[in-house]
Amino acid sequence: MNNILIPVFAHIVWCALLYAFLTVARAPAVWGVGADTNGQNPFEHIKQSISANLSNQFEWPMFFHMLCIVLYTSSLEVSNAMLGLAWVFIAKPSIA
């Protein structure tokens with residue numbers, strides 16, 4: 001079975017979670033929801049990091065998606081090593 005699309009799906013889920021985190025982090029400044037009693041944004045210190053992480057998800061990972069689609073549509077058998085490298089590519093930027 002060709003499981004190479006599972007890491008691609010995991011990356012898409014990660015991007016969706018980053019969008020949700022960024023929405024929550026920006027909500028106090030945009031809508032005033034979740035602001036401190038003094039009107040400050042409690043997520044101000046992490047907002048820039050989330051935004052940078054989300055921006056990075058549309059650089060090298062796009063090549064990863066293209067490679068996975070090529071592997072999926074080709075007649076090549078996806079080896080366990082290829083699948084393992086795909087998971088390493090997805091997990092490494094997320095935890096670094």
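This short presentation covers the aromatic pairs, one buried histidine and a nonpolar surface patch in the structure shown above.

Good morning, colleagues. Please keep in mind that we are looking at a predicted model. Its mean pLDDT is 86, and 91% of the residues reach a score of at least 70. Confidence varies between the helices: α3 has the highest mean, at 92, while α4 has the lowest, at 85.

Let me begin with the aromatic rings. How many aromatic pairs does the structure hold? There are two. One of them joins W60 and F63 in a tilted arrangement, with 5.3 Å from centre to centre and 50° between the planes. Both residues belong to helix α3, which spans residues 60-73, and they are separated by three residues, about one turn of that helix. As for their surroundings, W60 is exposed, with a relative accessible area of 62%. F63, at 49%, is partly exposed; the cut-off for exposed is over 50%.

The other pair is formed by F64 and F89. Why is this pair described as stacked? The ring centres are 4.8 Å apart and the planes meet at 25°, and planes under 30 degrees apart count as stacked. Where do the two partners lie? F64 is found in helix α3, whereas F89 is in helix α4, residues 80-95, so the pair ties together parts that are 25 residues apart in sequence. Is F64 buried or exposed? With a relative accessible area of 9%, F64 is buried. Its partner F89 is partly exposed, at 30%.

I turn now to helix α1, which covers residues 5-30 and contains H11. H11 counts as buried because its relative accessibility is 4%, and the cut-off for buried is under 20%. Which residues does H11 touch, leaving aside those up to four places away in sequence? The contacts are Q57, P61, H65 and I90. Of these, P61 and H65 fall within the residue range of helix α3, and I90 falls within that of helix α4.

Finally, let us consider the surface. F9, V13, L17 and F21 make up a nonpolar patch there, and together they present about 370 Å² of accessible area. One of its members, F9, sits in helix α1. F9 counts as exposed, because its relative accessibility is 55%. Helix α1 therefore carries both a buried residue, H11, and an exposed one, F9.

Thank you for your attention.

Terms used. Residues are numbered from 1 along each chain as its sequence is written. This is a predicted model: local features need pLDDT of at least 70, side-chain atom pairs count only at pLDDT 80 or more; totals for chains, interfaces and linings use all residues. Side-chain values use heavy atoms; hydrogens and water are left out. Rings of Phe, Tyr and Trp (its six-membered ring) pair if their centres lie within 6.5 Å; planes under 30 degrees apart count as stacked, over 60 as edge-to-face and the rest as tilted. Helices (H or I, at least four residues) and strands (E, at least two) are DSSP runs, numbered from the N terminus. Buried means under 20% relative accessible area, exposed over 50%, partly exposed in between (1.4 Å probe, protein chains only). Contact means heavy atoms within 4.5 Å. Patches are made of residues with over 30% relative accessible area and no salt bridge: like charges are joined within 9 Å, nonpolar side chains (Val, Leu, Ile, Met, Phe, Trp, Tyr) within 5 Å. Accessible areas come from the Shrake-Rupley method with a 1.4 Å probe; for residues, only the protein chains shown count as cover. A salt bridge is a side-chain nitrogen of Lys or Arg within 4 Å of a carboxyl oxygen of Asp or Glu. pLDDT is the predictor's confidence in each residue, from 0 to 100.
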